[in-house]
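Q: Please take a close look at one helix of this protein, with the positions around it. I would like to know how it is placed and what lies at its ends.

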Amino acid sequence: MDNQKYTPLKLKAQLCFPLYACSREMIRLYKPYLNELDLTYTQYISMLVLWEKGSITVKELGSVLYLDSGTLTPLLKKLESKGLISRNRSKDDERNLIISITDAGYALRDRALHIPTEMAKCVLLDEEEAITMYRLLYKMLSYSDRANQE
């Protein structure tokens, strides 16, 4: 007995499910490439930010990656134990922890250079579709940012 009233509760009616499933699948596809670098996906995206910025506070990194300090702290400790980053208190404000990339962290960047190209081969979207998806996902994230500020 299919009651129309419950149609909104069907899995296929949920936008969140294909987003969740695609996210998990993308991370699974990254795994063999990241294993070569001895990085998890979350460590990898942290390194992406650090390769771009050089150094950043934990708070700023969390904001960029949509991660809380409870997730970042063990992740950053692990990256530091691998010699890829350093963590130091700000001289201006000791409450701020500054994450900086090390020479070893920069060296890893060359080994990671092929990953975006390899991952692009895994996505069954043409360039226009990929650009549209990118814009839509960031539109959703910007709404999330606004909602969290209210």
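A: What follows is a close reading of helix α4 and its surroundings, with a short word on the largest pocket.

This is a predicted model, in which local features need pLDDT of at least 70 and side-chain atom pairs count only at pLDDT 80 or more, while totals for chains, interfaces and linings use all residues. Residues are numbered from 1 along each chain as its sequence is written, and side-chain values use heavy atoms, with hydrogens and water left out.

Helices (H or I, at least four residues) and strands (E, at least two) are DSSP runs numbered from the N terminus. Helix α4 covers residues 69–81, 13 residues in all, and spans 18 Å from its first C-alpha to its last, close to the 18 Å expected at 1.5 Å a residue, where the expected span is 1.5 Å times one less than the number of residues.

Within α4, Leu72, Leu75, Leu76 and Leu79 are buried, a term that means under 20% relative accessible area, with exposed meaning over 50% and partly exposed in between (1.4 Å probe, protein chains only). These leucines lie on the same side of α4 because they cover an arc of only 100° around the axis, the arc being that of the directions from the helix axis to the C-beta atoms. An α-helix has 3.6 residues a turn, so residues three or four places apart point the same way. The buried residues of α4 pack against α2 (41–53), α3 (58–65), β2 (85–89) and β3 (97–101), with contact meaning heavy atoms within 4.5 Å. On the face turned away from the buried side, α4 carries the exposed residues Gly70 and Ser81.

At the N-terminal end of α4, Asp68 acts as a cap, with a side-chain oxygen 3.1 Å from the backbone nitrogen of Gly70. Just after α4, Gly83 takes a positive phi of about 80°. In the loop between α3 and α4 is Tyr66, a residue other than glycine whose phi is also positive, near 60°. Most residues other than glycine have a negative phi. Tyr66 is partly exposed, with a relative accessible area of 40%.

As for the largest pocket, its volume is about 1800 Å³. Of the 33 residues that line the largest pocket, the closest to its centre are Met26, Tyr41, Tyr134, Leu137 and Tyr138. A pocket here is an open set of points on a 1 Å grid over the protein atoms alone, where a 1.4 Å probe fits, with protein on both sides within 12 Å along at least five of seven lines, and lining residues have an atom within 4 Å of a point; a volume is the space filled by probe spheres set on the points, which are joined across faces, edges and corners.

Conventions:
A polar contact is a pair of N or O atoms within 3.5 Å; within protein, one must be able to donate a hydrogen and the other to accept it, and residues adjacent in sequence count only if both atoms are side-chain atoms.
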